[in-house]
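The following exercises concern strand order, helix packing and domain layout. Please work through each task before reading its solution.

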Amino acid sequence: MKAIEIKKGIYWVGAIDWDLRNFHGYLTQRGSTYNAYLIVDEKITLIDTVKYYKTADMMKRICSVIDPAKIDYVISNHVEMDHSGALPAIMEKAPNAVLIASSNGEKGLRRHYNKAWDFKVMQSGDTLNTGKYNLQFVLTPMVHWPDNMLTYLPEEKILFSNDAFGQHLASSERFDHQYPVDIIFQEAEKYYANIVLPYANQVNKALEAAAGLSIEVIAPSHGIVWRKHISEILMRYKKWAGNETGKKAVIIFDTMWESTTRMAEVIQECFDDKGYSTRLCHLQHHHISDVITDIIDAEYICVGSPTLNNNILPTVASFMSYLKGLAPAGRKAMAFGSYGWGGQSVKILSAMLEEMKIEVVESHRIQYIPAQSDLDELQEKISAAIG
Ligand code: FEO
């Protein structure tokens, strides 16, 4: 298990998590990596670590380059434990290392690990000289926690971006010219949608900061390192953070006896007829984290549930809770569903969407099994609402 050189004297010393399938509710069907980086200069610096159960992998990779005891600085760009889990182990191996973090990073790490580490707190614009290199720090709070910061190495034009520009993607390949780029972009989009989406304002500030830097390498803390497609990933982040939507409708639903399915299909056809790109997402078959990825550029979110015990189906409730947390702005919505007697589901869905500040432009319910005349009426209403 060896380090991989990303530029002369600068190494990836992270770990590959082939088996990861759940990252707090996000289906990581391609696994992930935890990327740590080692900069060998007069002073030796480690940037971020790995999840605790991958500590041995990181140590082996560091040991393939240097004795970990020689590490002078450990930079923690982010407290979350997928990046700080191996900190206790590395700080024990390198007892003289100074731990570099933002002010919130220091507070967070103290709360997580309760260790008497020697901290040095960085503000945006502060630098750290390691010999021939002068590392610069840019605080990027809420991309993805309050403690986040970026580390920039100007002499080599490398941006260590932590969660930003990352992807949950396990691979033996480390660089974007070595792996199918469509898959990297797909996973970067899913990562943005499921992790970064609520923080568009903060992402825009981070992008402004990045725009002033000359960048040859973006080294994120998950997935593939960007060398070839830097302008494209920056452009995509700009688009996602700009909340740009296209002519697209995502129809999300669950069903008991297929009546809500019939309604979902009619709604999809209405959007198809109006020239929209559509996605039909049955929640028993589509994971909520994939649905959110589809929503990232959708103008319409249409949610359907039959009424179950005066409520909505649990799968739809789970989706709505996830959607509320990620809070996509500027979308239009429709609520629909079948019912037997109470018929509360559509009202409940509409209220939930409105609470998320998503404008509900149409809602419709049908009792028991839709007759063709019911579906025709639905089709007319939906078509008129789309305009
Ligand atoms: Fe990859 Fe917010 O941690």
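Four exercises with worked solutions follow.

This is a predicted model, in which local features need pLDDT of at least 70, side-chain atom pairs count only at pLDDT 80 or more, and totals for chains, interfaces and linings use all residues. Residues are numbered from 1 along each chain as its sequence is written, and side-chain values use heavy atoms, with hydrogens and water left out.

**Exercise 1. Determine the strand order of the open sheet of five strands, and identify its edges.**

Solution. Begin with the terms: strands (E, at least two residues) and helices (H or I, at least four residues) are DSSP runs, numbered from the N terminus. Two strands pair if DSSP finds at least two bridges between them.

Step 1. The order is S18-S17-S19-S20-S21, and the pairing is parallel.

Step 2. Strand S18 (277-282) and strand S21 (359-367) each have a single partner strand, so one side of each lacks a neighbour in the sheet.

Step 3. From one strand to the next, the twist averages 15°; angles run from 0 to 180 degrees between N-to-C directions, and axes are lines fitted to C-alpha atoms, for helices over the stretch in contact.

Step 4. Six bridges link S17 (residues 246-253) with S18 in the parallel sense. Within this pair, Ala249 has Thr278 of S18 as its bridge partner.

**Exercise 2. Describe how helices H8 and H9 pack on this sheet.**

Solution. Contact means heavy atoms within 4.5 Å.

Step 1. Helix H8 (residues 259-273) touches S17, S18, strand S19 (298-304), strand S20 (332-339) and S21. The direction of H8 makes about 150° with that of S20.

Step 2. Helix H9 (residues 288-295) touches S17, S18 and S19, and the direction of H9 makes about 155° with that of S17.

**Exercise 3. Characterise the packing of H8 against H12.**

Solution. Two packed helices are described by the angle between their axes and the distance between the axes.

Step 1. H8 and helix H12 (residues 372-386) pack at an angle of about 40°, and their axes are 9 Å apart.

Step 2. H8 is therefore oblique to H12; angles under 35 degrees count as roughly parallel, over 145 as roughly antiparallel, 65 to 115 as roughly perpendicular and the rest as oblique.

Step 3. The crossing of H8 and H12 is right-handed, a term for a near helix turned clockwise from the far one by less than a right angle, with anticlockwise counting as left-handed.

Step 4. On the H8 side, the contact is made by Arg262, Met263, Val266, Ile267, Cys270 and Phe271. H12 contributes Leu375, Leu378, Gln379, Ile382, Ser383 and Ile386.

Step 5. Sorted by class, the contact of H8 with H12 has nine nonpolar, two polar and one charged residues. Here Ala, Val, Leu, Ile, Met, Phe, Trp, Tyr, Cys and Pro count as nonpolar, Asp, Glu, Lys and Arg as charged, and the others, Gly among them, as polar.

**Exercise 4. State the domain layout, and trace the pairing of S12, S13 and S14.**

Solution. Domain bounds come from an automatic or database domain assignment.

Step 1. The assignment gives domain 1 (4-241) and domain 2 (249-386). Their C-alpha centres lie 38 Å apart, and the contact takes twelve residues from domain 1 and ten residues from domain 2.

Step 2. Strand S12 (residues 127-129) pairs with strand S13 (residues 134-139) in the antiparallel sense over three bridges, with Thr127 opposite Gln136.

Step 3. Four residues lie between the strands of this hairpin, and Gly131 takes a positive phi near 130°.

Step 4. S13 is joined to strand S14 (residues 149-153) by four bridges in an antiparallel arrangement, and Val138 stands opposite Leu150.
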